[in-house]
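Reader: I would like a close look at the aromatic rings in this protein and at the residues that lie around them in the sequence. Please take me through it slowly, and then move on to other parts of the chain.

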Amino acid sequence: MLRNYLKVAFRNLTRNAVYSSINIVGLAVGLTCSVLIALWVFDELSYDRFQPKLDRLSQLWVNATIQGKVSTFESVPYPSYLEIRNEDSRIKNTTITNWGGESLLTASNQRINKKSFYVGEEFLEMFQFPLRYGQAEKVLDDPNSIVLTVSTAKALFGTEDAVGKSVKIDNAKELTVTGVLEDVPANSSFEFDCLMSHKLQSAQINENSNWGDYSFQVFIELQPGAALQDVNEKIKGLLIKKGQTDVPREFFLHPMERWRLHSSFENGKESGGTIDYVIGFSAIAIFILVIACINFMNLATARSERRAREVGVRKSVGSRRKELIAQFLGESIMITFLAFALSLVLVEVSLPLYNDLTQKKLFLDYSSPLFWSACFGIVLLTGIVSGSYPALYLSSFNPVKVLKGKLQVSKSGTTPRQALVVLQFFFATLLIVSTLVVSEQISHVKKRDLGYDQKNLIMIPYSDDIGKKFRTIRNEVMATGAVSSITKSNSPITDVYSNNFVSWPGKPEEEKVLFATIATELDYTKTMGIKILEGRDFTGDADTASVLINKAAADLMNLKETLGTEVVYWGDRKSKIIGVLDNVLMGSPYRQASPMFFTYFPEWASSVTLRLEETSDLPSAIKKIEEVFKKHNPAYPFTYQFVDVQFNKKYTAINLISTLANLFATLAILITGLGLFGLAAFTAEQRTKEIGIRKVMGASVSSLVALISREFSLLVGISFLFATPFSWWLLTSFLERYPYRIDFPWWAIVVAGATALLFALAIVSTQALKAATANPSKSLRSE
């Protein structure tokens with residue numbers, strides 16, 4: 001019996017090659033999109049899952065109420081690292097970390113810049129990154145120790161076994177390699193090439209009492225079975241207990257399981273993060289697969305008359321309905337299997353380009369039993385979903401009517417097909433609107449005024465040698481003629497590294513306001529191209545008790561006389577406002593400009609910025625600058641970054657999301673078109689005699705095309721009516737995530753509806769035109 005079913009199925013496939021191809025190709029493309037999306041989704045979901053203690057690890061965060069709104073910070077005071085252990089016996093261990101940035105590692109004749117991390121000695125006991133050499137409990141006990149990853153050890157020493165060898169860090173301190181780690185997995189929240197003891201920084205840290213310096217990250221391991229919420233209740237009041245009473249503050253634990261996907265907070269509560277994109281793309285994968293399944297359903301039921309006699313014969317010789325359902329479902333699963341096999345080929349072909357696009361290393365793991373279980377599940381589920389309605393519909397035919405040739409397809413067969421077409425175009429319209437709105441939001445953000453001139457602006461990493469010789473370097477660089485101005489600051493123009501509370505006359509004492517803090521050298525505004533709206537710039541050491549503020553700060557302070565007003569920051573430091581600058585966008589491009597003040601503090605620096613003169617020979621200009629920096633900073637390799645390139649990295653995530661959304665939306669629409677083509681072709685074929693009669697009676701070609709196209713146009717119109725309110729609700733919710741955003745563009749709905757309609761008409765009219773221009777004598781010959 002099974003052999004007979006297979007034989008009949010293959011005969012149907014070959015006899016109706018066009019429709020079979022549409023089914024298989026449509027399902028294959030749909031499955032390909034779904035598999036590619038699933039690979040991305042599962043990679044996001046896999047972050048940190050390799051950690052054995054995942055369910056017991058958390059990071060210590062702070063909720064602080066500032067100006068009536070709860071702000072959430074992941075940086076905490078240094079003393080909390082040890083003090084928090086005494087708050088609850090359910091806390092088993094703690095560790096501290098501080099990002100070291102790009103550190104210069106020197107060994108023998110090798111000099112390389114690598115990502116460094118300062119950590120507590122408990123770090124590798126809590127976060128169990130596999131050690132190839134060394135013991136996790138001991139490798140960070142010595143303050144002069146360093147732990148390298150395998151790739152870093154090989155780059156420095158040519159071998160992974162580097163234990164006992166010396167490495168010079170930032171051309172200053174000799175450290176001994178005490179351990180070698182396996183390279184950090186790509187799906188880890190931590191990214192580093194080497195680990196060093198936090199005790200190396202102890203000279204700059206008041207370990208016992210500095211509860212006001214929120215510059216460190218503290219991580220906590222709970223006892224097995226400990227309830228996170230219960231621990232939160234015990235620790236939340238520690239900051240108040242330690243005198244941090246300027247604003248209401250509370251500690252809480254953010255579990256490691258939620259770091260990757262739930263990283264955004266709004267008013268002290270989780271408000272999404274990457275999980276929003278995971279859910280969105282999972283929905284797109286389901287939409288695409290449903291669209292492909294609808295194609296199968298529609299074509300199978302539309303061609304029901306071709307299988308009616310077979311059903312009648314089988315029923316007349318004793319086949320029961322459940323056997324016929326099993327047969328048709330089996331055929332559907334077989335077609336799905338063929339489509340899935342083709343989709344695996346398409347996935348393998350697409351993966352190199354897809355990995356470049358997503359900046360990941362995704363692959364199909366054919367050796368994994370889970371992979372094959374998932375494949376079997378996908379084939380089975382897709383086959384059953386796509387074949388269920390056709391199986392139930394075909395198996396319901398009355399054998400007597402079928403064998404007498406009296407079977408007529410009623411509305412019970414046509415109406416579900418129409419509903420499925422409406423559902424397809426509902427999804428297609430929704431995806432078109434989504435891509436238009438996301439693209440418009442990205443364009444809106446990219447066009448905003450940054451408040452400074454990125455053109456010809458480059459950044460060079462700071463070092464102690466540069467700091468000691470900065471004035472000399474500035475004079476020599478300016479003398480090359482390649483640079484129009486140079487400055488240094490505590491953070492690059494593309495980021496803000498420090499925030500501090502500021503007060504001023506007239507502000508209620510209990511109302512604390514957080515300002516972004518930029519420490520600068522001379523010529524900061526000149527180099528960056530920032531417009532001075534009022535007052536003057538810094539002129540030198542006489543301005544150490546002066547500050548500049550931005551327009552957002554001036555608007556917030558709302559002073560009658562801004563210039564000359566004294567502000568207080570850093571506890572009790574007082575300075576007078578000497579100028580107001582235009583708002584400068586340094587942080588997230590999706591947020592409004594925040595209040596900011598600039599202080600003349602040349603000793604506090606982490607970045608050097610230069611503005612190049614206009615030139616047609618950029619390599620020559622860079623070469624002149626390189627010679628100066630190599631002369632005065634010989635221990636470090638000369639590296640630089642263009643500010644515009646660095647700033648554009650802030651758009652990486654949303655650019656990726658937009659590109660993927662556009663790609664999969666286009667493929668979904670093409671799959672919809674493929675199914676519509678098959679359905680339109682069969683509809684035209686079914687009405688061949690009707691068209692022939694109408695043509696003989698004098699109907700024009702245009703009226704016949706309109707006749708066939710009218711039904712499909714109505715279905716697209718109905719889908720548009722359903723898609724409009726849903727699109728508005730969904731995309732408005734999406735836009736509300738961005739403080740700096742567009743209003744919902746209603747034109748996007750119109751464009752999406754018109755695109756869907758024109759797309760449908762273009763496909764249907766080709767088949768209608770073909771039927772309308774056919775010779776009626778051929779279609780009416782049997783009459």
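Author: The answer below begins with the rings and then moves on to single residues, a helix and the cysteines.

The model is a predicted one. A search through the whole structure gives 48 aromatic pairs. One of them joins Phe 647 and Tyr 651: the ring centres are 5.9 Å apart and the planes stand at 75°, so this pair is edge-to-face. The cut-off for that word is an angle over 60 degrees. Phe 647 and Tyr 651 are both buried. In general, two numbers describe a pair of aromatic rings, the distance of the centres and the angle of the planes.

Ring pairs can also join up into a group. Phe 50, Trp 99, Phe 117, Phe 123, Phe 127, Phe 129, Phe 190, Phe 192, Phe 219 and Trp 259 are linked into a cluster in this way. When you look for the cluster in the structure, note that its members come from separate stretches of numbering, including Phe 50 and Trp 259.

Two of the rings to look at next have a charge over them. The charged end of Arg 260 is placed over the ring of Tyr 47, at 3.9 Å from the ring centre. Arg 448 lies over the face of Tyr 740, and here the distance to the ring centre is 3.8 Å.

Now take the residue numbered just after Tyr 47. Asp 48 belongs to the loop between α2 (17–45) and β1 (57–66). Its phi is near 70°, which is a positive value in a residue other than glycine. Is Asp 48 buried or exposed? Asp 48 has a relative accessible area of 1% and is therefore buried, since buried means under 20%.

A second residue with positive phi makes a useful contrast. Gln 359 is not a glycine either, and its phi is about 55°. Gln 359 is also in a loop, the one between α10 (321–358) and α11 (369–394). At 65% relative accessibility, however, Gln 359 counts as exposed, because exposed means over 50%.

Between those two classes there is a middle one. Gln 128 is in the loop between α4 (123–126) and β6 (131–133). With 32% relative accessibility, Gln 128 is partly exposed. What is the C-alpha distance from Gln 128 to Pro 52? The two C-alpha atoms are 7.0 Å apart in space, while 76 residues separate Gln 128 and Pro 52 in sequence.

Other pairs can be read in the same manner. Val 35 lies in helix α2 and is buried, at a relative accessible area of 11%. Leu 364 is 329 residues away from Val 35 in sequence, yet the C-alpha atoms of the two are 9.5 Å apart. Leu 674 is placed in helix α20 (residues 652–686). Leu 674 is partly exposed, with a relative accessible area of 27%. From Leu 674 to Val 25 there are 649 residues along the sequence and 8.8 Å from C-alpha to C-alpha. Lys 488 is part of strand β16 (residues 483–489) and counts as buried, at 5% relative accessibility. The C-alpha atoms of Lys 488 and Glu 603 are separated by 9.5 Å, and the two residues are 115 apart along the chain.

A short helix offers a detail of another kind. Ser 80 is in helix α3 (residues 80–83), and its relative accessible area is 0%, so Ser 80 is buried. A polar atom of the Ser 80 side chain lies 2.6 Å from the backbone oxygen of Pro 77.

For a helix with many more turns to follow, go to α22. Helix α22 covers residues 701–735, which is 35 residues. From its first C-alpha to its last, α22 reaches 47 Å, close to the 51 Å expected at 1.5 Å a residue. There is also a kink of about 35° in α22, with its centre on Ser 709.

The cysteines come last. A disulfide is a covalent bond between the sulfur atoms of two cysteines. How many disulfides does the model have? The count is zero, where the rule asks for two cysteine sulfur atoms within 2.5 Å. Cys 194 is buried, with a relative accessible area of 0%, and Cys 293 is buried too, at 4%.

Technical notes:
Residues are numbered from 1 along each chain as its sequence is written. This is a predicted model: local features need pLDDT of at least 70, side-chain atom pairs count only at pLDDT 80 or more; totals for chains, interfaces and linings use all residues. Side-chain values use heavy atoms; hydrogens and water are left out. Helices (H or I, at least four residues) and strands (E, at least two) are DSSP runs, numbered from the N terminus. The expected span of a helix is 1.5 Å times one less than its number of residues. The bend at a residue is the angle between axes fitted to the seven residues ending there and the seven starting there. Buried means under 20% relative accessible area, exposed over 50%, partly exposed in between (1.4 Å probe, protein chains only). Rings of Phe, Tyr and Trp (its six-membered ring) pair if their centres lie within 6.5 Å; planes under 30 degrees apart count as stacked, over 60 as edge-to-face and the rest as tilted. A charge sits over a ring if NZ of Lys or CZ of Arg is within 6 Å of the ring centre and within 35 degrees of the ring normal. A polar contact is a pair of N or O atoms within 3.5 Å; within protein, one must be able to donate a hydrogen and the other to accept it, and residues adjacent in sequence count only if both atoms are side-chain atoms.
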